[in-house]
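Colleague: I should like to go through this model with you and ask, for each term you use, what justifies it. Please set the values against the cut-offs as we proceed.

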Amino acid sequence: MDDKNLFGVACLFKDPNKLLPLVKKIRELGFKNWDVHSAYPLHGIPKAMRLKWSPLGYIALIFGLSGASFGLFLTWWTMSVDYPLIIGGKPWFSFPAFVPVLFELTVLLASVGTAIVMLFVIFKLPNNRHPLNDTEYMKKVSSEYYGLVVESKDPNFDYDRIVSIFKEYEPSEILDINYQELELKYQPKVFDWKFILFLVIISAATSAFAYFYNNKVLYLPPFDFMLNQFKLKPQESSTLFSDNFGMRIPVAGTVARGEKFYPFKGKPEEAGTKLVNTLEPSEENLKLGQQKYNTFCSPCHGWRGEGDSRLNGQFPNPPSLHTEKLRNWPDGRIYHVIVEGQNIMPSYARLLSEKERWAIVLYIRALQRSLNAKQEDLQ
Amino acid sequence: MNQIDYSVEPDVVQGSLSQRDINEAISKPLETKPTKLYYLALGISSTLLLIGAISLALTLYYGVGLWGINQPVGWAFDIVNFVFWVGIGHAGTLISAILFLFRQRWRTGIARFAEAMTIFAVMTAGLFPLIHTGRPWLDGYLFPVPNQHHLWINFTSPLIWDVFAVSTYLTVSFVFWYIGLIPDLATLRERTNSKVKKIIYSILSLGWRHSNRHWHHYEMIYLILAGFATPLVLSVHTIVSFDFAVSILPGWHTTIFPPYFVAGAVFSGFAMVQNVLIVIRKIFNLQNIITLDTLEKMNKVMLATGLMVGYAYGMEFFIAWYSGNPLESFVFLNRAFGNYAWAYWIMVSCNVIFTQLFWFKKIRRSIVPMFIIGVLVNIGMWFERFVIVVTTLSRDFLPTSWDYFVPTIYDIGILLGSFGLFFTLVILFIRTLPVVSITEVKSVLKTSQPVHH
């Protein structure tokens with residue numbers, strides 16, 4: 001083949017003692033691009049080659065320090081800033097307890113970081129296309145020979161001179177190392193359609209898996225055992241009780257703890273005159289009222305109280321809460337409907353506390369005002 | 001009986017092997033068809049693995065209620081196995097890193113294997129904390145991942161230290177092992193004639209080319225990694241012992257735990273390495289590389305660490321009495337004479353009594369007795385962890401809640417499975433990668449280094 005280029009000349013020795021003087025000689029002659037190859041580190045070679053002290057120690061130090069500072073930041077920020085937790089009565093920032101994690105992160109970053117820098121930055125590996133790989137020379141060097149190569153790109157390179165120097169030292173063998181231009185020039189293409197197709201397939205597969213896992217797998221047994229426990233959920237029926245209701249109703253005539261006796265039973269008008277809403281129409285109370293209204297009242301009365309039930313005729317539609325009548329009702333009268341119910345509307349007394357009932361009343365007032373705004377409200 | 005002269009250091013590699021012989025001897029298991037014996041071993045270990053996998057699958061489906069754990073013994077085989085296997089791993093790092101720093105050249109023959117064993121043992125060990133949570137698919141939350149609850153892990157908890165220690169240990173051991181493997185993979189790459197193997201070795205060896213400019217850095221990083229792995233290995237078992245020592249249970253809450261655990265780890269780990277090496281050197285004819293001298297040195301280490309463990313047993317009793325704490329002395333009397341006395345005496349006899357046989361040179365240097373003692377040591381060390389975990393928990397502060405732990409078949413199945421996993425990995429390893437470091441063994445041959453003038 002004519003596209004063969006000379007990479008360099010090499011010589012092989014069987015005895016490391018013969019190699020050493022040649023190494024010194026080559027270095028003294030001022031060659032730059034040359035190297036010694038052996039299947040294991042040879043003592044004395046770094047000195048003979050005048051190799052610089054390896055900087056890996058400093059690199060490890062830098063990585064180690066960054067691991068330590070990252071660990072310190074992580075433990076400090078999570079445990080005493082972002083989500084402070086007091087554990088065992090210790091201060092939020094209990095340094096001694098963080099030391100193990102700091103230490104492990106230091107070691108982790110220092111060793112992995114140094115290894116990566118050495119392999120991929122200093123050695124520029126992976127490099128299987130290096131001209132020396134896959135040659136007779138490499139084969140011999142990796143089994144029982146010691147080799148030295150002077151590369152052709154060295155400014156002092158002179159084939160005949162180097163061969164004659166080699167010969168003075170009686171090597172077992174002298175050989176040329178060639179490579180093919182094509183082999184070195186080859187660059188992988190990023191916009192190759194095959195490569196892009198590969199990326200597309202990979203990403204599609206990953207998303208399909210993620211979808212399947214999050215939406216299907218996690219709802220299969222045993223992953224859903226916490227979701228489906230042997231217990232009654234709201235609105236479920238149960239044969240345990242004679243009325244087949246899973247949710248229980250308070251015993252007749254009892255008053256729940258924290259609740260007061262309601263004195264206006266069956267006396268709506270009296271409730272209307274005697275009960276006064278003591279709750280401030282603050283933003284907080286209105287929010288509470290909105291939330292409770294949306295939960296308990298809106299299914300029948302509609303989101304804005306317009307009587308547009310979401311029950312699709314399964315239950316008679318209630319009247320609008322914006323009628324003239326209702327707007328003129330005192331607060332206590334509406335409160336009374338919540339407590340007692342009215343005709344087919346059931347009582348909500350056991351689901352809502354006193355404060356929540358008043359908050360709903362506030363919210364209904366706000367709804368009424370918003371749909372029937374007066375001129376002065378707009379200012 | 002042949003007399004050994006202890007005044008001169010024996011050759012690390014025996015039988016005057018040449019560089020090429022070493023290549024041949026070490027890569028032979030990778031290049032020949034496996035024997036019947038190999039398949040038999042693989043069959044046994046994978047059967048154990050299958051038993052473990054079935055027990056584990058049932059556990060995952062029905063929950064940890066299948067195990068024998070009860071109130072108050074909420075930790076039993078899971079944590080015992082965890083501590084046991086992490087301990088096994090420690091011998092590997094000790095051999096590859098600590099002995100390297102001490103310039104013990106006899107380690108070269110066994111370092112690679114011991115490192116691989118570390119990785120496999122830590123992998124096996126890591127399984128147990130993961131499954132003992134009961135819902136292992138949620139174990140990602142053991143790491144500080146940002147999540148929708150805005151919650152972080154509790155960095156002051158020894159169990160979280162464990163997560164960091166064990167995962168760091170696994171990663172660093174792997175890096176150390178892989179860095180050591182690269183030159184060997186390059187050697188194999190140049191040797192092989194098979195196309196597929198060539199591709200695999202090329203990818204794994206990253207195109208390493210035995211350059212002395214690289215070796216120069218390589219030796220440095222080896223030193224650095226050994227320097228990091230040494231405190232790391234000590235920290236890992238220290239932290240494992242913190243899982244117990246930081247709690248306030250009598251029998252666990254002692255300051256002797258960290259050194260005691262580390263010594264115990266090295267003890268059982270050496271026993272395991274010794275056992276497996278005896279088998280490997282026999283099957284693959286590596287008697288000249290993994291020499292009897294090496295095995296003898298390992299037995300000496302076992303003797304020394306065994307004595308340390310024995311000292312710790314004694315010291316625990318002494319402190320229990322000397323502290324004047326009635327709960328403490330109750331726990332230790334209960335260990336020796338209480339409901340689990342049988343386990344305690346298995347532990348003492350295997351760990352302290354039988355190992356004394358290693359005082360005899362004849363036993364230290366004969367294969368069958370040392371193999372048996374190695375097995376006994378591992379049994380003893382497993383029971384040591386059992387005694388620590390179970391006796392303490394089963395007799396806690398409140399006598400009304402005392403209970404007796406009995407393992408179920410699922411516990412035992414998973415224990416067998418852990419041995420299956422470990423040995424399957426080991427058996428597969430010895431035929432896929434060089435069990436002995438070609439590079440390191442070559443570099444300690446008699447004629448391998450230039451003589452300094």
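Modeller: Let us begin with B:P72, which sits in the loop between α2 and α3 (77-101) of chain B. The model is a predicted one. The peptide bond that leads from B:Q71 to B:P72 is cis, its omega being near 5°.

Colleague: Which peptide bond of chain A is cis, with omega near 5°?

Modeller: That bond runs from A:P221 to A:P222. A:P222 belongs to the loop between α8 and α9 of chain A.

Colleague: What makes the pair B:K198 and A:D134 a salt bridge?

Modeller: The closest N and O atoms of B:K198 and A:D134 are 2.9 Å apart. The cut-off for a side-chain nitrogen of Lys or Arg and a carboxyl oxygen of Asp or Glu is 4 Å, so the pair qualifies. Across the interface of chain B and chain A the rule finds one salt bridge.

Colleague: Why is the pair of A:D134 and B:K198 said to join two chains?

Modeller: A:D134 lies in the loop between α4 (95-122) and α5 (136-143) of chain A, whereas B:K198 lies in helix α6 of chain B, so the pair joins two chains.

Colleague: Why is A:D134 called exposed, and why is B:K198 called buried?

Modeller: A:D134 has a relative accessible area of 57%; exposed means over 50%, so the term applies. B:K198 has a relative accessible area of 18%; buried means under 20%, so that residue is classed as buried.

Colleague: What is notable about phi of A:D134?

Modeller: Phi of A:D134 is near 70°, a positive value in a residue other than glycine. A:K124 also has a positive phi, near 55°. A:K124 lies in the loop between α4 and α5 of chain A, and its relative accessible area of 59% makes it exposed.

Colleague: How many residues does each chain give to the contact between chain B and chain A?

Modeller: Chain B gives 63 residues and chain A gives 76 residues. The area buried between the two chains is about 6,500 Å², with carbon and sulfur atoms giving 67% of that area. B:R209, B:N212 and B:R213 supply 11% of the area that chain B buries against chain A, more than any other three residues.

Colleague: How many residue pairs are in polar contact across the interface of chain B and chain A?

Modeller: The rule finds 19 such pairs, both residues being at pLDDT 80 or more. Among the elements giving two or more residues to the side of chain B that touches chain A are α1 (19-31), α2 (36-62) and α5 (158-191) of chain B. The largest share of that side, 17 residues, comes from α7(B). The residues on that side divide into 30 nonpolar, 24 polar and nine charged.

Colleague: How do you know that A:E259 and A:R357 meet in a salt bridge?

Modeller: The N to O distance between their side chains is 3.1 Å. The limit is 4 Å, so the rule is met. The pair links distant parts of the chain, with A:E259 in the loop between α8 (193-215) and α9 (268-274) of chain A and A:R357 in helix α13 (residues 354-371) of chain A, 98 residues apart.

Colleague: Why does A:E259 count as partly exposed, and is A:R357 buried or exposed?

Modeller: A:E259 has 26% relative accessibility. Buried means under 20% and exposed over 50%, so a value in between is classed as partly exposed. A:R357, with a relative accessible area of 6%, is buried.

Colleague: What makes A:E356 and A:K292 a salt bridge?

Modeller: Their side chains meet at 3.7 Å, N to O, and the limit is 4 Å, so the pair is counted. A:E356 lies in helix α13 of chain A and A:K292 in helix α10 (residues 283-301) of chain A, so the pair ties together parts that are 64 residues apart in sequence. A:E356 counts as buried at 18% relative accessibility, and A:K292 is buried at 16%.

Colleague: Why is A:S238 called buried?

Modeller: The relative accessible area of A:S238 is 11%; the limit for buried is under 20%, so the term holds. A:S238 is placed in the loop between α8 and α9 of chain A. A polar atom of the side chain of A:S238 lies 3.0 Å from the backbone nitrogen of A:L240.

How values were computed. Residues numbered from 1 in each chain as written. Chains lettered and ligands numbered in written order. Heavy atoms only, no water. Contact = heavy atoms within 4.5 Å. Buried area = accessible area lost by both parts, 1.4 Å probe. Polar contact = N/O pair within 3.5 Å; in protein donor to acceptor, adjacent residues only side chain to side chain. Helix = DSSP H or I, 4+ residues; strand = E, 2+ residues; numbered from the N terminus. Nonpolar A, V, L, I, M, F, W, Y, C, P; charged D, E, K, R; others polar. Buried < 20%, exposed > 50% of the residue type's maximum accessible area, 1.4 Å probe, protein only.
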